[in-house]
Amino acid sequence: MSHTHNYDVVVVGAGNAALCAAIAAKEGGASVLVLEKGSIEKRGGNSYFTDGAIRVAYNNLDAIRKIIPKLTDDEAANIVMPEYTEQDYYDDLMRVTSGKSDPQLGQQLVSKSYDTIAWMQNQGINFELNYDNQSFLQDGKRHFWGGLPIKTENKGVGLIKKLFERAQELSIEIWYDSRAIKLNKEDEQITGVVVQKENESITVNTFGVILACGSFEANKNWRSEHIGEEWEAAIVRGTEFNTGDGITMALEVGAQKYGEWEGCHSIGTDYNAPKVGDFAKPGDIFKKHSYPYSIMLNKDGKRFVDEGADLRNYTYAKYGREILKQPGHVAYQLYDAQVRPMLRKEYDLEEATFFQADTLEELVNLLPVDKKQFLDTVSEYNRAVEEGEYKPAEKDGKGTKGITPLKSNWALRIEQGPFYAFPVTCGITFSFGGLHVDTTGHVLDAREEPINGLFAAGEMIGGIFYENYPGGSGLMSGAVFGKLAGASAANYINRERTELAK
Ligand SMILES: Cc1cc2nc3c(=O)[nH]c(=O)nc-3n(C[C@H](O)[C@H](O)[C@H](O)COP(=O)(O)OP(=O)(O)OC[C@H]3O[C@@H](n4cnc5c(N)ncnc54)[C@H](O)[C@@H]3O)c2cc1C
């Protein structure tokens, strides 16, 4: 039996960008269908796997308190919260992307960030302070730094739970195990989406489609073709479903490619992390982000980056790809007993893979590395460490001299047992290449004209992130452009309806 399905707006995907889009479209008066390729247990996309850190421009602690109303006066009195203006955010974006980010899209991201967070809060999403990773204790006060003081309560899991609750409250329909495979277009207008649902091919009629179904990081062939052959070997940190379907469908109806197709975000992740994100283990638990306090050695027993070049926020995304270039795509973060207690929480999880021994000689015997070179590299490094005050919470300039690569900060001799080696490999987070949208989320064609009825948001839009991204901007971009795309799609439908009624 065949059914006819008609919705004003169809949203493809059910991650952060998609659900923000669906809610905004519904608020704009549209009837909305959400299509999710995964099952109900595997919904939520990469957004589900996140730490929930979300980068927003704000003026002061009062602005933060509006977003986190449960923050008490006593708690607030012990916080130092430097402002993070729209200009600061914009400058960070331009700095980490070497000035390549599209100025209009970048401006839209930063200028709409605070209002969008306030809107998310109105939808029922709770935020909290990011004490663990973005603050340090000094003179009895918590000092926040780096423009990333807030995260969603209960990480990405909490964000997705609240977004689905809101979607349900608004009676937004959601189909699971439903993969969008094709867009229908007639007379220069999107007219429907073809959906593969339980071996059935179903056409949903609509005048507005919002693609928010991720980029192509989970597609081995595309990774290899666009980013580089070695990327076939990368671990996929998030959902298995972001295989570029939305991009393919949009290109088929004339959309323009945009952004850095040969670029992606990646990090050093536990060597034994699942090959694709395991929905039973969300919360970004496999990263290994204390490497600035380590030295990293490859299988040949050699160092290959300046582990202490900068604060972690500014190097972690680059160093994933450096690890991928090493023999066997593996590196060992080496720590001694002085540093071990300072490592981040993820190093204490039962999922963390590590080797431990009382002496370096015993440790190296446990590792599949060039043992002599490994020990020589550690000795050479120890000899090169310069004197100075070690300050783990700030760039301390305590570096090395006369070795390549240098270690510019946080250089301590590795000399007190027990010693620890944490094996890491490269995990891809998301790819940067995607579609071209205007500042309202409308997808543009080769002439840079909007394709009638086609919108996009989230990871799948190109042009904002190149080479790197300021941490926490992925969720913010998804929310800002998701909300904009939802509102634009609803407006578009309303205009079309008015035209038809004439
Ligand atoms: C481990 C990890 C930690 C991260 N931590 C952070 C962080 O703390 N802060 C931050 O800002 N960013 C973080 N990121 C990046 C962040 O996850 C992304 O930038 C953001 O979530 C992308 O949101 P999205 O809605 O565009 O995509 P997603 O959340 O991936 O949603 C895409 C959805 O589309 C669905 N889909 C795909 N193809 C189809 C199809 N053909 N039909 C129907 N549905 C389809 C997928 O199943 C999925 O539900 C992290 C990423 C990972 C993997």
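These are my notebook entries on the ligand, the pockets, the cavities and a few backbone oddities of this structure.

**Entry 1: what I have open.** I am looking at a predicted model, so every value below is computed from that model.

**Entry 2: the ligand.** I started with the ligand and asked which residues come nearest to it. Glu-36, Asn-46, Ser-47, Ala-53 and Leu-475 do, out of 39 residues around the ligand. Next I looked up how much of the ligand the protein covers. On its own the ligand has 1,000 Å² of accessible area, and the protein covers 98% of that.

**Entry 3: who builds the shell.** I went through the helices and strands around the ligand. At least two shell residues come from each of α1 (16-27), α2 (45-49), β10 (178-186), β20 (419-431) and α15 (473-501). Helix α2 gives the most, with 4 residues. Sorted by class, I get 18 polar, 13 nonpolar and 8 charged residues in the shell.

**Entry 4: backbone atoms by the ligand.** I noted three backbone contacts here. Gly-474 has a backbone N or O atom 3.2 Å from an oxygen atom of the ligand. Ala-14 likewise puts a backbone N or O atom 3.4 Å from a ligand oxygen atom. For Phe-241, a polar backbone atom is 3.5 Å from a nitrogen atom of the ligand.

**Entry 5: the largest pocket.** How much space lies in the largest pocket? I read off about 790 Å³. It is lined by 30 residues, and those nearest its centre are Asp-132, Asn-133, Gln-134, Arg-312 and Arg-344. Two elements give two or more residues to this lining, α8 (131-134) and β6 (135-138). I also checked which domains take part: domain 1 (5-216 + 433-501) and domain 2 (267-428) each give at least three residues to the lining of the largest pocket. Its lining residues split into 13 nonpolar, 11 charged and 6 polar.

**Entry 6: the second largest pocket.** This pocket holds about 220 Å³ of space. It has 14 lining residues, and the closest to its centre are Glu-232, Ala-233, Ala-234, Ile-235 and Lys-275. I find at least two of the lining residues in each of α10 (220-227) and β14 (235-236). The classes come out as 7 nonpolar, 4 charged and 3 polar.

**Entry 7: cavities.** How many cavities of 30 Å³ or more does the structure hold? I count 4. I took a look at the second largest cavity, with its volume of about 60 Å³. Its lining includes three tyrosines, Tyr-291, Tyr-316 and Tyr-319, along with Lys-288, His-289 and Met-296 among others. Helix α12 (residues 312-324) gives the most to this lining, with 4 residues. I get 6 nonpolar, 4 polar and 1 charged residue for the lining of this cavity.

**Entry 8: backbone oddities.** Last, I went looking for cis peptide bonds. The bond from Thr-404 to Pro-405 is cis, with omega near -10°. The bond from Gly-417 to Pro-418 is also cis, with omega near -5°. Where do the two prolines sit? I find Pro-405 in the loop between α14 (371-384) and β20, and Pro-418 is in the loop between α14 and β20 too. One more for the list is Asp-187, which has a positive phi of about 45° although it is not a glycine. I place Asp-187 in the loop between β10 and β11 (189-197).

Note on methods
Residues are numbered from 1 along each chain as its sequence is written. This is a predicted model: local features need pLDDT of at least 70, side-chain atom pairs count only at pLDDT 80 or more; totals for chains, interfaces and linings use all residues. Side-chain values use heavy atoms; hydrogens and water are left out. On a 1 Å grid over the protein atoms alone, a cavity is a set of points where a 1.4 Å probe fits but cannot get out, and a pocket is an open set with protein on both sides within 12 Å along at least five of seven lines; lining residues have an atom within 4 Å of a point. Grid points are joined across faces, edges and corners, and a volume is the space filled by probe spheres set on the points. Ala, Val, Leu, Ile, Met, Phe, Trp, Tyr, Cys and Pro count as nonpolar, Asp, Glu, Lys and Arg as charged, and the others, Gly among them, as polar. Domain bounds come from an automatic or database domain assignment. A residue is near a molecule or strand if one of its heavy atoms lies within 4 Å of it. A polar contact is a pair of N or O atoms within 3.5 Å; within protein, one must be able to donate a hydrogen and the other to accept it, and residues adjacent in sequence count only if both atoms are side-chain atoms. Accessible areas come from the Shrake-Rupley method with a 1.4 Å probe; for residues, only the protein chains shown count as cover.
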